[in-house]
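Subject: A structure for you to look at

Hi there,

Here is the structure I promised to pass on to you. Please open it next to this email and follow along as you read.

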Amino acid sequence: MGLMDELIENIVKHADYRYNARKEELRNQLESKGLKVYFTHELTSCKKKSEFRNRYPELQRKLMHKPPLLLGEIVQKGVKAYLPRDVEEERIFYKVLGNTAIIGTPDFYSQSRRSVYELKFTRRRPKLYEHHRLRACVYKWLSGAEHAYLLYCSPRGFREYEVNDEFCDSGLKSLMDKWSSPMWEWECKLCVYRTICDRFNIFSEYEDRNYKNRNS
Ligand code: SF4
């Protein structure tokens with residue numbers, strides 16, 4: 001195995017621990033109490049994606065070898081090295097409402113600043129995206145923080161946005177009611193599961209038809 005392969009495997013191992021192992025432990029604990037468990041990142045993106053993730057864990061692991069994810073991990077680790085001491089990485093928060101538990105792990109949390117932070121690595125010019133905004137506000141609610149920030153790191157600039165939309169217990173119910181496949185209009189085009197997803201084909205046909213109608 002060459003050094004690059006070793007490097008990639010180490011990054012994937014670390015990412016797998018961050019994204020999956022730690023949270024799955026908590027999911028199992030909560031499920032053993034009879035609760036229905038959801039992760040924030042699932043509820044704020046396509047419902048079918050989370051089904052695919054659970055159904056095909058080996059595919060999920062393969063996808064973790066994709067360069068954008070690897071680069072995102074490297075940036076996350078680099079940023080962590082420069083964080084002030086009062087900012088901690090990936091603290092897990094959860095709330096139980098009735099028979100439902102929701103788990104969320106903001107990238108960074110600071111008790112003294114009463115803030116949660118989500119870090120995004122992008123090659124585009126940094127700008128605020130709706131799905132990032134929603135997720136950060138759910139984290140704010142889960143953690144009891146007063147402020148939520150999105151931090152964008154890009155070769156085209158660094159930006160910080162404060163996003164303080166209110167999210168409350170009743171917001172979870174409406175989020176769950178809205179949870180759909182896809183959740184966002186652009187999602188299918190960028191989706192790693194589109195080759196195996198029947199919804200993608202339906203949406204592609206729909207878009208093709210719309211395109212033809214617009215141009216006829
Ligand atoms: S292709 Fe679209 S509907 Fe299918 S899993 Fe991906 S985002 Fe969801």
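Below is what was found in it, going from the whole chain down to single residues.

Before anything else, please keep in mind that this is a predicted model.

**The whole protein**

The protein is built with 8 helices and 8 strands. Along the principal axes, its C-alpha atoms fill a box of roughly 60 × 50 × 35 Å. How does the radius of gyration agree with that of a compact globule? For 216 residues, a compact globule would come out near 17 Å, and the protein has 18 Å, so the two agree.

Buried residues make up 22% of the 216 residues. If you take the contacts with a separation of 6 or more, 68% of them join residues that are 24 or more positions apart.

**Two helices that cross**

Next, please find helix H1, residues 3-31, and helix H5, residues 67-81. Their axes come within 10 Å and cross at roughly 75°. Angles of 65 to 115 degrees count as roughly perpendicular, and therefore H1 is roughly perpendicular to H5.

Which residues meet there? From H1 they are Ile8, Ile11, His14 and Ala15, and from H5 they are Leu69, Leu70, Glu73 and Ile74. Sorted by class, the residues of this contact are 6 nonpolar, 1 polar and 1 charged.

**Around the ligand**

Now turn to the ligand, which has 14 residues around it. Those that come nearest are Cys46, Cys188, Cys191, Cys197 and Phe200. Two helices, H3 (47-55) and H8 (198-215), each supply at least two residues of this shell. The largest share, 3 residues, comes from H3. By class, the shell has 8 nonpolar, 1 polar and 5 charged residues.

**Backbone details in the loops**

A few spots in the loops are worth a look, too. Go to the loop between helix H7 (169-178) and H8, where you will find Pro182. The peptide bond leading from Ser181 to Pro182 is cis, and its omega is near 0°.

Then look at Glu90, in the loop between strand E2 (88-89) and strand E3 (93-97). Glu90 has a positive phi of about 50°, although it is not a glycine. Is Glu90 buried, exposed or partly exposed? It has 15 C-beta neighbours inside 10 Å, so it counts as partly exposed.

Arg114 is another residue to check, and it sits in the loop between strand E5 (108-110) and strand E6 (115-121). Phi of Arg114 is positive, near 50°, and this residue is not a glycine either. With 13 C-beta neighbours inside 10 Å, Arg114 counts as partly exposed.

**One more residue to find**

Finally, look for Glu130 in helix H6, which covers residues 130-143. Why does Glu130 count as exposed? A residue is exposed if 12 or fewer other C-beta atoms lie within 10 Å of its own, and Glu130 is exposed because it has 9. Try selecting Glu130 together with Thr44: the two are 86 residues apart in sequence, while their C-alpha atoms are 10.0 Å apart in space.

Enjoy exploring, and write back with any questions.

Best wishes

Conventions: Residues numbered from 1 in each chain as written. Predicted model: local features only at pLDDT ≥ 70, side-chain atom pairs only at ≥ 80, totals over all residues. Near = placed C-beta within 6 Å. Helix = DSSP H or I, 4+ residues; strand = E, 2+ residues; numbered from the N terminus. Nonpolar A, V, L, I, M, F, W, Y, C, P; charged D, E, K, R; others polar. Buried ≥ 20, exposed ≤ 12 C-beta atoms within 10 Å, placed from the backbone. Axes fitted to C-alpha atoms, helices over the stretch in contact; angles between N-to-C directions. Parallel < 35°, antiparallel > 145°, perpendicular 65-115°, else oblique. Contact = placed C-beta atoms within 7 Å. Rg over C-alpha atoms; globule rule 2.2 N^0.38 Å.
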